[in-house]
Every structure is written in C-alpha cells, then in structure tokens.
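Visitor: I would like to learn how the local features of a model such as this one are to be read. Could we take them one at a time?

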Amino acid sequence: MTSLLAHGSNTLAAEVTHISSHGIWLLSNDKELFLPYAEFPWFKDQPVKAIIHVEEPSPGHFYWPDIDVDLTIEAIEHPERFPLKAKIRKRIDTQET
C-alpha cells in the first residue's frame, strides 16, 4: 500500500488577506485575525511583499521570515499579555542603489 502523504515541508496555509492604513488581516484555518499597527508596529513600514510572505509552521504559530516576526494566535488576540520587547527593524529596501 502506498502512502498519499507527501514528503517535505509541513507548513500550513496562512494568508494575509488585507493590508490597510490601520493594520493587516490574517486568515488561518477559517479564522480571520486583525493585527493593528498600534500593537504590531513591525508591519507598518514594510513592503507588501514582506507582509504577505507569512508561514504557519505549526497551528496557530505564524512567522514572517522577511521581517523576522514570530507571533502566535494568543499574542495576536491578547497583545496586552505580551509587551513589546523586540526592536523594530528598519524597512526592507525594495530598490537597489
């Protein structure tokens, strides 16, 4: 009997569905989450390409490799429990000089 499971990366599909002047919307497992820039400032001045490049390596754990941001559903839903401790990285340049 052959296995139908593919070998390789086991990342789930998370998707940034909207970017506004107030924050970003993230869809995962039929749940939509809002990340306001006031609580998640790392996204504010990043290029769209870096924001939409999100991975979900395990259920409820999100990672944006281009800006090195790592968040869980709990941190998104209850940011007051997780005071900002990381420094905000400068915007990624999309143009070469």
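**Reading the features in turn**

Guide: The side chain of Ser28 is in polar contact with the side chain of Glu56, at 2.8 Å. A polar contact is a pair of N or O atoms within 3.5 Å; within protein, one must be able to donate a hydrogen and the other to accept it, and residues adjacent in sequence count only if both atoms are side-chain atoms. The model is predicted, so local features need pLDDT of at least 70 and side-chain atom pairs count only at pLDDT 80 or more, while totals for chains, interfaces and linings use all residues. Residues are numbered from 1 along each chain as its sequence is written, and side-chain values use heavy atoms, with hydrogens and water left out.

Visitor: Is Ser28 buried or exposed, and which residues does Ser28 touch?

Guide: Burial is read from relative accessible area (buried under 20%, exposed over 50%, partly exposed in between; 1.4 Å probe, protein chains only). Ser28 is buried, because its value is 4%. Contact means heavy atoms within 4.5 Å; not counting residues up to four places away in sequence, Ser28 touches Ala14, Glu56 and Phe62. Ser28 belongs to strand β2, residues 23-28, where strands (E, at least two residues) and helices (H or I, at least four) are DSSP runs numbered from the N terminus.

Visitor: What does Gly23, in strand β2, have in contact with it?

Guide: Leaving aside neighbours within four places in sequence, Gly23 meets His18, Phe34, Leu35, Pro36 and Tyr37. The C-alpha atoms of Gly23 and Pro36 are 4.1 Å apart, although 13 residues separate them in sequence. With a relative accessible area of 0%, Gly23 is buried.

Visitor: In what order do the strands stand in the sheet?

Guide: Two strands pair if DSSP finds at least two bridges between them. Here three strands form an open, antiparallel sheet in the order β1-β2-β3. Strands β1 (14-19) and β3 each have a single partner strand, so one side of each edge strand lacks a neighbour in the sheet. Neighbouring strands are turned by 25° against each other on average, direction ignored; the axes are lines fitted to C-alpha atoms, for helices over the stretch in contact, and angles run from 0 to 180 degrees between N-to-C directions. Five bridges join β1 and β2, and Val16 has Leu26 of β2 as its bridge partner.

Visitor: What is notable about the phi of Asn29 and of Asp30?

Guide: Most residues other than glycine have a negative phi. Asn29, however, has a positive phi of about 55°, and Asp30 one of about 65°. Asn29 lies in the loop between β2 and β3 (31-36), as does Asp30. Asn29 is exposed at 71% relative accessibility, and Asp30 is exposed at 79%.

Visitor: How many salt bridges does a search of the whole structure find?

Guide: A salt bridge is a side-chain nitrogen of Lys or Arg within 4 Å of a carboxyl oxygen of Asp or Glu; the search finds two. One joins Lys31 and Glu77, with the closest N and O atoms 2.6 Å apart. Because Lys31 lies in β3 and Glu77 in helix α2 (residues 73-77), this pair ties together parts 46 residues apart in sequence. Lys31 is partly exposed at 36%, and Glu77 is partly exposed at 36%. Glu74 and Arg81 form a salt bridge at 3.1 Å, N to O; Glu74 is partly exposed at 40% and Arg81 is partly exposed at 49%.
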